[in-house]
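Visitor: I'm new to protein structures. Could you walk me through this one, step by step?

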Amino acid sequence: MRGFTRGWRARAGVAAAVITAVTAASAGPAVAGRERGPGAAVEAVMRKPAYAHARWGLLEVDEKGRTVRSKNAGEFFIPGSAAKLFSVSATWRTIGGGHRFTTPVLAVGHRHRSALDGHLVLVGQGDLSLGGRTGPGGTMEYTDVDHTYANDVPGATLTPQNPLAGIDELARQVRRSGITEVDGDVVVDSRLFTSSPNLDPAPTPLIVNDNVVDLLTTPTSAGRPARLDWRPHVAPYRVDSQVRTVPAGGTTDLSVTASPDGTRITLTGTIAEGAKPVLRVSPVHDPDAFGRTALIEALGRAGVTVHAPATGPNPSGLLRRARTGTERVAAYVSPPYTEYAKVILKVSHNLGANLGICLMAVHTGSHRCDDGFRPLTAFLRKAGVDPRQLQLLDGRGGNPVDRVTPAAFPRLLRFWERTPEAALFRRALPILGVDGSLAGSCTRAATCPAHGKVFAKPGTVAGFDAVNNRLAVGGDTLAGYFDTGHGRRHTFFIGVNGASAPDIEGLLGILDDLNHIAALLQQQAAMPGHWHGHRARHGGASRARLQD
């Protein structure tokens, strides 16, 4: 996956907007066979012109906790989305991997036969999906380039699941409870937590379709309007497509604008005949009003009439009234949190990572998301990670203050190896050449022996350098495990801060380099007699430095 978190626009062949906290990998093989000298090969990568003014960090630790390679391991690095390893781990261990979100609908008032003289309350419980990604068997589905990155990254695609599946299920349950008419209103209760300005994107207690509207443009024939499909259809949102199809080989360039309230969306630009469909998204500005309308419309489809207007602001003032005659008439139960963690880590889901901070706050009895950092710190100590080796102000690794030392990553990763959920956590990470953010690199085992043997979380922080008309790469990182054979695994961190790239392809080349280094390290560690030969060359020492 090639991922960015904020808007990307072409400008003189480079970016015109800030790119932060991204998970990304590359296209093309990372390694094709054994290198003559893995140490020298890694150093050769680090000395490329793109890194003339950059600083590298590297740490590899074997299955017994011995340091194999170390470079600047005690210094702070901009982590990018590799920081999600800490926020997701802390959330997992705080609320429990088996935690399921139960989102209820309450009937408040009195029933007269099948009519409710009162209102329905949809209580947001921080369910990231609300059914929109749930696949067969209760798994959470994802694509290698998630729809939340569609405005920034080529190739973003949609999961096939109905983004309103959870809302529709709640509406059907309300009807099965015997209610066919609501004489009052429908209100969303979002008092579970209050987000923080430090969390961007901001989590909300009620999340429908990741709080975005999907816009899929498909070319027709040259000179004709392109075809638009969009979802979910919720009033009063409307989409106007002014995209035209141009001859094959022409420019595909689509832009999205919206009215101040987000409900009037316009797509402009061109798409080449024969090109693949192009996905864009537009943010939902008022998730509570969006969710309320979505539920009212779903109730109508299920045979329940609501007499209140379907659109308009969420009538949260109704929540201050006494809940006399309150009855739970529906509840949607989510997959376990382990499935959510998988999606967050595989595709670098920024909203989900920030949501974890809020969920930890709620778990400790607070409604302030900022209080979620206390259980995160407590988890770090329990995992054997010195909290002073981290600086975090969000869950996704996108805040300007976020810093992590290379040494912190192996400590966290080795903690998981001592738990019963070690394999589950490892499989939740992107796998080199297989899935998620690492799907595009090392795609064939025949040419890349590290294929399927590196489990790691990448991250990128970059922005536009107006002085040099290029990309300034604050940080590119990769941290995780690689298999060395016979059930052994090494933990590692690879990162570079202060690099530069002429354009997006150059940035992806940096990400290729990190994957290349990981593959080199994996191959070296998997060589027969690796440790025996290492000790013989270094007089029994178990530590080798790439550079001083």
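Guide: Let's start with a term: buried means under 20% relative accessible area, exposed means over 50%, and partly exposed is in between, using a 1.4 Å probe and protein chains only. The model is predicted, so local features need pLDDT of at least 70 and side-chain atom pairs count only at pLDDT 80 or more, while totals for chains, interfaces and linings use all residues. Residues are numbered from 1 along each chain as its sequence is written, and side-chain values use heavy atoms, leaving out hydrogens and water.

Visitor: Is Thr270 buried, partly exposed or exposed?
Guide: Thr270 lies in strand 14; strands here are DSSP runs of E with at least two residues, helices are runs of H or I with at least four, and both are numbered from the N terminus. The relative accessible area of Thr270 is 25%, so Thr270 counts as partly exposed.

Visitor: Which residue stands opposite Thr270?
Guide: Strand 14 (residues 264–272) runs antiparallel to strand 13, and six bridges join them. Two strands pair if DSSP finds at least two bridges between them. Thr270 also has contacts (heavy atoms within 4.5 Å) beyond four places in sequence, including Val243, Arg244 and Leu254. The residue opposite Thr270 is Asp253.

Visitor: Which strands stand at the edges of the sheet with order 12-14-13?
Guide: This is an open sheet of three strands with mixed pairing. Each edge strand has a single partner strand, so one side of each is left without a neighbour in the sheet. Those edges are strand 12 (238–246) and strand 13 (253–258).

Visitor: And in the sheet with order 11-10-15, what is the bridge partner of Leu215 in strand 15?
Guide: Three strands form that open sheet, and the pairing is antiparallel. Strand 11 (227–231) and strand 15 (278–283) are at the edges, each with a single partner strand, so one side of each has no neighbour in the sheet. Six bridges join strand 10 (residues 212–218) to strand 15. In strand 15, Leu215 is partnered by Arg280.

Visitor: On to helices: at what angle do helix 2 and helix 5 pack?
Guide: Axes are lines fitted to C-alpha atoms, for helices over the stretch in contact, and angles run from 0 to 180 degrees between N-to-C directions. The axes of helix 2 (residues 84–95) and helix 5 (residues 337–347) are 10 Å apart, and the angle is about 175 degrees.

Visitor: Which word describes helix 2 relative to helix 5?
Guide: Angles under 35 degrees count as roughly parallel, over 145 as roughly antiparallel, 65 to 115 as roughly perpendicular and the rest as oblique. The angle here is about 175 degrees. That makes the pair roughly antiparallel.

Visitor: Which residues touch the most other members of the largest nonpolar core?
Guide: A nonpolar core is a set of buried Ala, Val, Leu, Ile, Met, Phe, Trp, Tyr and Cys residues joined through side-chain atoms within 4.5 Å. This core has 54 residues, and those touching the most other members are Leu85, Phe86, Tyr337, Val385, Leu390, Phe409 and Phe425.

Visitor: How many of the 10 residues of helix 8 are buried?
Guide: Helix 8 (408–417) is among the elements that give two or more residues to the largest core. Its buried residues include Ala408, Phe409 and Leu412, and Phe86 touches these three. Helix 8 is largely enclosed by the rest of the structure, because its buried residues number seven.
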